[in-house]
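Me: I have not seen this structure before. Please take one part of it and go through that part closely, with enough of the rest to place it.

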Amino acid sequence: MKNEEHARRYLGADAKALLENKLFKGAFESVNDHLEAQALTCDPDNKDKAARIIIAKQLLKGIKREIERLIEDGEIADI
């Protein structure tokens, strides 16, 4: 049980360092900005492109949410 808690703490710390990394943050923001620009200029009649943009935005948000979950899990293990 102790090893599992240690692993969760380290994983949480790694996830936090990743989210705070300037290069990672910049890449995340750049991809998000690109998707926003694509969404704003997308022809509303192009349903396939609109759907791909939405899916890409959902995936990006899901990745960030998973990293944040690892941070929270590590903080809980710390307690």
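**A close look at helix 3**

Reply: This is a predicted model. Begin with its contacts: among those in the protein with a separation of 6 or more, 71% join residues that stand 24 or more positions apart. The protein contains 3 helices and 0 strands, and along the sequence the order reads α-α-α. The part to look at here is helix 3, which takes in residues 47–78.

Start with its length. Helix 3 has 32 residues, and at 1.5 Å a residue it should span 46 Å; the C-alpha atoms at its ends are 46 Å apart, so the expected and the computed span agree. For the setting, the C-alpha atoms of the whole protein fill a box of roughly 55 × 25 × 15 Å along the principal axes. The radius of gyration of the protein is 17 Å, whereas a compact globule of 79 residues would have one near 12 Å.

Next, which residues of helix 3 are buried? They are Ile53, Leu60, Ile67, Ile71, Gly74 and Ala77. The cover over these buried residues includes helix 1 (residues 2–20) and helix 2 (residues 22–41). In the protein as a whole, 16% of the 79 residues count as buried. Its accessible surface comes to about 6,300 Å², and carbon and sulfur atoms hold 57% of that.

One of the buried residues, Ile67, can be followed to a partner in helix 2. That partner is Phe24, which lies in helix 2. Leaving aside residues up to four places away in sequence, Phe24 touches Ile67 as well as Leu18 and Leu19. Another pair gives a distance from Phe24 to Arg69: the two are 45 residues apart in sequence, and their C-alpha atoms are 17 Å apart in space.

Glu66 is also in helix 3. Is Glu66 buried, partly exposed or exposed? Its relative accessible area is 38%; buried means under 20% and exposed means over 50%, so Glu66 is partly exposed. From Glu66 to Leu11 there are 55 residues along the chain, and 12 Å separate the C-alpha atoms of the two.

Last, the charges of the whole protein. There are 14 positive and 16 negative side chains, and the centres of these two sets lie 1 Å apart.

To put the part together: helix 3 has the span expected for its 32 residues, helix 1 and helix 2 are among what covers its buried residues, and Ile67 is one of those buried residues.

Conventions. Residues numbered from 1 in each chain as written. Predicted model: local features only at pLDDT ≥ 70, side-chain atom pairs only at ≥ 80, totals over all residues. Heavy atoms only, no water. Helix = DSSP H or I, 4+ residues; strand = E, 2+ residues; numbered from the N terminus. Rg over C-alpha atoms; globule rule 2.2 N^0.38 Å. Buried < 20%, exposed > 50% of the residue type's maximum accessible area, 1.4 Å probe, protein only. Contact = heavy atoms within 4.5 Å. Areas by Shrake-Rupley, 256 points an atom, 1.4 Å probe, with all protein chains shown as cover. Lys, Arg positive; Asp, Glu negative; His and termini not counted. Charge placed at Lys NZ, Arg CZ, Asp CG, Glu CD. Expected span 1.5 Å × (residues − 1).
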